[in-house]
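Me: Could you take a close look at one part of this model for me, the aromatic pairs and what surrounds them? I'd like one connected walk-through rather than a list.

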Amino acid sequence: MVIKVAICDDVPVIAKAIEDLMLEYDSSLFDIDIFYNPFRLIELLKENTYDLFILDFEFPNLSGIVIAETIRTNNYNCPIIFITNFKEYMEKAFKVNTFDYILKPVTKDKLYPTLNRAIKYLDLDDSKFMFTFNKVFYSLSFSEIIYFEKNKRKVLIHTPSDIYETILQTKALLSKVNDNFIQVHSSYIVNVRYVKQIRNNTIIVILNDKQTVDIPISRKFKDNARKQILMKLRDII
């Protein structure tokens, strides 16, 4: 799988230097577009998206935060890495679910560990969850499934944009998902990539940039689910 990357910096030499570092990291892994004008990137986002964004924090007439907010209207989970000269911007940057924050100059020592984490986070496994409902066949990437909800014989499959439905026993469902999915209740199996917060008896998962949902944790699964989620989050973040 190739990772589509957008680099946006109004200083061409800096944008080119980042591109060169990424190609040196793995030239076959990245498909890179460079934008010197942030408005051009925002305009393009109406019809296209990227897997990974590397954004300057400040432009002459725009903040990188505005670009990040535009990205987040349609994609809450793609990694956004800010680059800047000023660490004072860090608090603002993390309000838009920033993946990381790199101080200029961007070097291998700063960029490569962040790329390692971003690649792991993106979960390049392109395997699918396949199912049928009402004689229609569906194939969804595991990364777009937020959680499964059992309702008697039915399984509701929650994604950022839709809720699908199929018929499947819990045991069969668990055998079909990858290890990012953790059962927290007899009726719920969650994708740890969307977990925002673990409370005593609930887990908060992210639906989109404005909505979350509370999912109950049952006593039966509580200890093991919390342990697995924390271990998995530590691994991918």
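Reply: A quick cut-off before anything else: buried means under 20% relative accessible area. Keep in mind that this is a predicted model. With that cut-off, Leu 115 counts as buried because its relative accessibility is 0%. Leu 115 belongs to helix 5, residues 108–122, and leaving aside residues up to four places away in sequence, Leu 115 touches Met 22, Tyr 25, Phe 30 and Leu 52.

Now to the rings. There are 14 aromatic pairs in the structure. One of them joins Phe 35 and Tyr 50, edge-to-face, at 6.2 Å centre to centre with 85° between the planes. Phe 35 is in strand 2 (residues 30–35) and Tyr 50 is in the loop between helix 2 (38–44) and strand 3 (52–56), so this pair ties together parts 15 residues apart in sequence. Both Phe 35 and Tyr 50 are buried. Tyr 50 also has a charge for company: the charged end of Lys 4 sits over its ring, 5.2 Å from the centre.

Next up is Phe 131 with Tyr 164. Their ring centres are 6.1 Å apart and the planes are at 70°, so this pair is edge-to-face. Phe 131 lies in strand 8 (residues 128–133) and Tyr 164 in strand 12 (residues 163–167), so the pair ties together parts that are 33 residues apart in sequence. Phe 131 and Tyr 164 are both buried.

That pair feeds into a cluster: ring pairs link Phe 131 and Tyr 164 with Phe 129, Tyr 138, Phe 142, Phe 148 and Phe 181. Phe 129 has a lysine too, with the charged end of Lys 176 over its ring, 5.4 Å from the centre.

Notes. Residues are numbered from 1 along each chain as its sequence is written. This is a predicted model: local features need pLDDT of at least 70, side-chain atom pairs count only at pLDDT 80 or more; totals for chains, interfaces and linings use all residues. Side-chain values use heavy atoms; hydrogens and water are left out. Helices (H or I, at least four residues) and strands (E, at least two) are DSSP runs, numbered from the N terminus. Buried means under 20% relative accessible area, exposed over 50%, partly exposed in between (1.4 Å probe, protein chains only). Contact means heavy atoms within 4.5 Å. Rings of Phe, Tyr and Trp (its six-membered ring) pair if their centres lie within 6.5 Å; planes under 30 degrees apart count as stacked, over 60 as edge-to-face and the rest as tilted. A charge sits over a ring if NZ of Lys or CZ of Arg is within 6 Å of the ring centre and within 35 degrees of the ring normal.
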